[in-house]
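Here is a short set of exercises to work through with the model open beside you. Try each task before you read its solution.

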Amino acid sequence: MNQIKELLQMLRPRGTLKGVAALHSVDDVRRYARKRLPKMIYDFIYGGANDETTLAANRNDFSKITFRPHMLTDVTHRDIKTKVAGIDLDFPVMVSPAGLLRVAHTEGELAIARAAGKTGVVFVVSTAGSWSMEELADAATGPLWFQLYLWRDRDIMKSLVERAKQAGYQALVVTVDLQVVGKRERDLRNGLSIPPKITMRSALDAVKHPRWLFDLIKGPPVTLRNFAGVVEGDGTVSHSAFFNQHLINPSANWEDLQWVRELWKGPLLIKGIITPEDAVKAVDCGVDGIVVSNHGGRQLDGVPSAVRSMVDIVDAVGNRTDIILDGGIRRGSDVVKAVALGARAVMAGRSWIWGLAAAGQAGVERVYEIFAQEIDQTLALLGRTRLNKIDESAVNLPASWTTSRKENSKCQ
Ligand SMILES: Cc1cc2nc3c(=O)[nH]c(=O)nc-3n(C[C@H](O)[C@H](O)[C@H](O)COP(=O)(O)O)c2cc1C
């Protein structure tokens, strides 16, 4: 009997709903996904730039912030809704834009769009998606935002913005931290190319993950479908070389942002700001929100963590615009800390991608359940009932983080 059970266990496909229900933290989901993915793909998602110090700081700095809970308050009814740039959000954790997600799971961004619609999560669709923005809008049942890079060619940019408007995207998020692609050494060592190509080098790794390989080849080739017929990879250049040669605009400047502001009348957010000076400029350019982000540690290594950067940005412009924190969010308690420090909501990238890689739509939904349960539990244990009413009195900051904050308030 036991032998039959064991055999059935071995035959049960990885990534079933039953399988992911046994995962209790985002890190459990990541470990599960890791087993399913070839190293090249796991590294592409996990990795940061250079020595990955910013990648590590994004995570580690959350543990430097501690909670100040109050007891004996009635926390029977709890509410985690919030509002960003005039848009009501049922859930405070959005899906950060991420490109080429069909390498993680055959359905890629489609599975995220379906899961996000079901759970009320905002999905920020990347320009560099492996499905086009129209295909995703057709599959989605919930709110979608669109992420735009300041590409070299203004005609391409204009047509992307118009297509996003046409397809019903609610808000536009302009990413500004990709003047060139960061040095992602894992990708260079693994020989990652666009579209992913099976070479002798990667074949062995792929063969060890037959389900992933079967998944990959059963769908259409992994390409940047928003650029079909405009610019496509031929599998001969590295991931970063492809972006650097074809798409990225090293001359992008604040005038380009103003140009987009005139083109897009709806809510406009800027993603990739990490200093108060730039935050002030962005607000002066008319953005409706700032996503404080270092691209998940994938661009300039050596910048402070996203949460540390956010503390100073909230001081500078928190009363003039809405702040979203992006980077290192793996726990519901991280979300509560970010909101206490002035974020209206957060975005998470890898957390959702691990869910996708683990089990497609069911995996993304499992990550939602984990976040929802942890945020709710943290609120209750803090003695608070409404996420959007939490302020800095709910946390202790490391002494060195508060210096500039105190100096600022003396001057006012
Ligand atoms: C695989 C991957 C692809 C990404 N692609 C994009 C992208 O196309 N556009 C963008 O603005 N950011 C992109 N990012 C950055 C994320 O939007 C986000 O800033 C980052 O993942 C946040 O850090 P976290 O993963 O620790 O949550 C990508 C990140 C990853 C991991």
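**Exercise 1.** Is His295 buried or exposed?

*Solution.* Before starting, note that this is a predicted model, in which local features need pLDDT of at least 70, side-chain atom pairs count only at pLDDT 80 or more, and totals for chains, interfaces and linings use all residues. Residues are numbered from 1 along each chain as its sequence is written.

Step 1: recall the cut-offs. A residue is buried if 20 or more other C-beta atoms lie within 10 Å of its own, exposed if 12 or fewer, and partly exposed in between, with C-beta atoms placed from the backbone.

Step 2: apply them. His295 has 25 C-beta neighbours inside 10 Å, so His295 counts as buried.

Step 3: place the residue. His295 lies in the loop between strand E9 (289-293) and helix H15 (306-317). Helices (H or I, at least four residues) and strands (E, at least two) are DSSP runs, numbered from the N terminus.

Step 4: check the backbone. His295 has a positive phi of about 65°, although it is not a glycine.

**Exercise 2.** Find Leu100 and describe its backbone and surroundings.

*Solution.* Step 1: look in the loop between strand E4 (93-95) and helix H6 (109-119), where Leu100 lies.

Step 2: read the backbone angle. Leu100 is not a glycine, yet its phi is positive, at about 55°.

Step 3: count neighbours. Leu100 has 24 other C-beta atoms within 10 Å, so it is buried.

**Exercise 3.** Which residues does Ile273 contact beyond its neighbours within four places in sequence?

*Solution.* Step 1: locate Ile273 in strand E8 (residues 268-273). It is buried, because it has 27 C-beta neighbours inside 10 Å.

Step 2: list the contacts (C-beta atoms, placed from the backbone, within 7 Å). Setting aside those sequence neighbours, Ile273 touches Asp278, Ala279, Ala282, Ile290, Val292 and Ile313.

Step 3: turn to one of these partners, Ile290. Not counting residues up to four places away in sequence, its contacts include Leu269, Ile270, Ile273, Val317 and Ile323.

Step 4: link back to Exercise 1. Ile273 and His295 are 22 residues apart along the chain, and their C-alpha atoms are separated by 9.7 Å.

**Exercise 4.** Which residues touch the most other members of the largest nonpolar core?

*Solution.* Step 1: define the core as a set of buried Ala, Val, Leu, Ile, Met, Phe, Trp, Tyr and Cys residues joined through C-beta atoms within 7 Å.

Step 2: pick out the best-connected members. The largest core has 122 residues, and Phe123, Ile290, Met310 and Val346 touch the most other members. Helix H17 (residues 350-382) gives the most to this core, with 15 residues.

Step 3: set this against the whole. Buried residues make up 50% of the 412 residues in the protein, which has 18 helices and twelve strands.

**Exercise 5.** What covers the two faces of strand E6?

*Solution.* Step 1: recall the general pattern. In a regular strand the side chains alternate between the two faces of the sheet.

Step 2: sort the residues. Leu144, Phe146 and Leu148 lie on one side and Trp145, Gln147 and Tyr149 on the other, all of them buried. Six of the six residues of E6 (residues 144-149) are buried, so the strand is largely enclosed by the rest of the structure.

Step 3: find the partners (two strands pair if DSSP finds at least two bridges between them). Strand E5 (residues 123-125) runs parallel to E6, joined by three bridges, and Phe123 stands opposite Leu144. E6 also pairs in the parallel sense with E7, over four bridges, and here Phe146 stands opposite Leu172.

Step 4: inspect E7 (residues 172-175). Leu172 and Val174 point one way, Val173 and Thr175 the other, and all are buried.

**Exercise 6.** Where do the buried residues of helix H3 pack?

*Solution.* Step 1: list them. In H3 (residues 26-36), Val26, Val29, Arg30, Tyr32, Ala33 and Arg36 are buried.

Step 2: look down the axis. The buried residues fall within an arc of 165°, so they line one face of the helix; the arc is that of the directions from the helix axis to the C-beta atoms.

Step 3: identify the neighbours. These residues pack against helix H11 (210-218) and H17.

Key:
Two residues are in contact if their C-beta atoms, placed from the backbone, lie within 7 Å.
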